[in-house]
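Good morning, and thank you for making time for this presentation. I should like to walk you through one structure, step by step, for those who have not met it before.

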Amino acid sequence: MDLDGSSNGSNDRARGGGGIVELRKYQLRLGYDAVPKFLRLYSEALPSKLGAPGTHPTTQLATVLVSDIGRLNVVYEVWKHGGGGEGGGEDSCGMRAMEESRRSSRGAEEWRRGIAQIAELAVTFDTTILRPAEFSPLR
């Protein structure tokens, strides 16, 4: 159902085959060095994740964000998976794209080493899967 209460099938496409946004949140340990160290490790390892064979072609890193006010030492990753295909075709399925890309990144040795070091900095880690609204530029 759309925001106006109508049903034109567009939300059905988004659920079944449209793009998704993956929000990943790292709460890092206290200390002035935690965020800079995270960003260094992440940026050094990221090319191996992005270039891992089998990464779905629709998977894109949208941004990496750092909290500066409020809860400190929080880093967010925002990934876009799938989308871009009308009618929810096979190439536009966000969940499938995310799963393929995750599986591929596990084979990227430099990424695995970087994430192992990042895990030592993290207190908590959360992942949320979001479906962009019809009017979102992330669709």
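I shall begin with the sheet, continue with the helices and aromatic rings, and end with three individual residues.

Please bear in mind throughout that this is a predicted model.

Let us start with the sheet. Four strands form an open sheet in the order β2-β3-β1-β4, and their pairing is antiparallel. At the edges are β2, residues 60-66, and β4, each of which pairs on one side only. From one strand to the next, the twist averages 15 degrees. As general background, strands of a sheet pair through backbone hydrogen bonds, in either a parallel or an antiparallel manner.

We may now take the pairings in turn. Between β2 and β3 there are six bridges, and the two strands run antiparallel. Within that pairing, glutamine 60 stands opposite lysine 80 in β3. Strand β3, residues 74-81, is in turn joined to β1 by eight bridges, again antiparallel. Here arginine 24 is found opposite glutamate 77 of β3. On the other side, eight bridges connect β1 with β4, residues 122-130, and these strands also run antiparallel. One position to note in β4 is phenylalanine 125, the bridge partner of tyrosine 26.

How many of the nine residues of β1 are buried? The count is seven, so the strand is largely enclosed by the rest of the structure. Part of the surroundings of β1 can be named: helix α4, residues 109-121, lies across β1 and β4, and it runs at about 115 degrees to β4.

That brings me to the helices. Two packed helices are described by the angle between their axes and the distance between the axes. For α2 and α4, the angle is about 160 degrees and the axes are 8 Å apart. Because angles over 145 degrees count as roughly antiparallel, α2 is described as roughly antiparallel to α4. The crossing of α2 past α4 is left-handed. Residues making this contact include Phe38, Leu41, Tyr42 and Ala45 of α2, together with Trp111, Gly114 and Ile118 of α4.

Some of those names return when we look at the aromatic rings. Four aromatic pairs are found in a search of the whole structure. One of them joins tyrosine 42 and tryptophan 111 in an edge-to-face arrangement, with 5.4 Å from centre to centre and 80 degrees between the planes. Why does this pair tie together separate parts of the chain? Tyrosine 42 belongs to helix α2, residues 34-50, and tryptophan 111 to helix α4, so the pair links parts that are 69 residues apart in sequence. Both tyrosine 42 and tryptophan 111 are buried. One aromatic cluster is made up of Tyr26, Phe38, Tyr42, Trp111 and Phe125. Tyrosine 26 and phenylalanine 125 are the bridge partners I mentioned earlier.

I turn finally to three individual residues.

Glycine 18 sits in the loop between α1, residues 10-16, and β1, residues 20-28. With a relative accessible area of 14%, glycine 18 is buried, because the cut-off for that term is under 20%. Its C-alpha atom is separated by 9.2 Å from that of proline 132, which is 114 residues away along the chain.

Asparagine 73 lies in the loop between β2 and β3. Most residues other than glycine have a negative phi. For asparagine 73, however, phi is positive, near 60 degrees. Is asparagine 73 buried or exposed? Its relative accessible area is 12%, and it is buried. Beyond its neighbours within four places in sequence, asparagine 73 is in contact with several residues, among them Tyr26, Leu28, Gly31, Val35 and Ser67.

Threonine 127, in strand β4, is partly exposed, with a relative accessible area of 33%. Not counting residues up to four places away in sequence, threonine 127 touches Glu22, Leu23, Arg24 and Arg102. Of these, arginine 24 is the residue that stands opposite glutamate 77 in β3. The C-alpha atoms of threonine 127 and lysine 25 are separated by 6.4 Å, although the two residues are 102 apart along the chain.

To close, I would ask you to keep the strand order β2-β3-β1-β4 in mind, along with helix α4 lying across β1 and β4. Thank you for your attention.

Notes: Residues numbered from 1 in each chain as written. Predicted model: local features only at pLDDT ≥ 70, side-chain atom pairs only at ≥ 80, totals over all residues. Heavy atoms only, no water. Buried < 20%, exposed > 50% of the residue type's maximum accessible area, 1.4 Å probe, protein only. Pairing = 2+ DSSP bridges. Axes fitted to C-alpha atoms, helices over the stretch in contact; angles between N-to-C directions. Contact = heavy atoms within 4.5 Å. Phe/Tyr/Trp six-rings, centres within 6.5 Å; stacked < 30°, edge-to-face > 60°. Parallel < 35°, antiparallel > 145°, perpendicular 65-115°, else oblique. Left-handed = near helix turned anticlockwise from the far one by under 90°.
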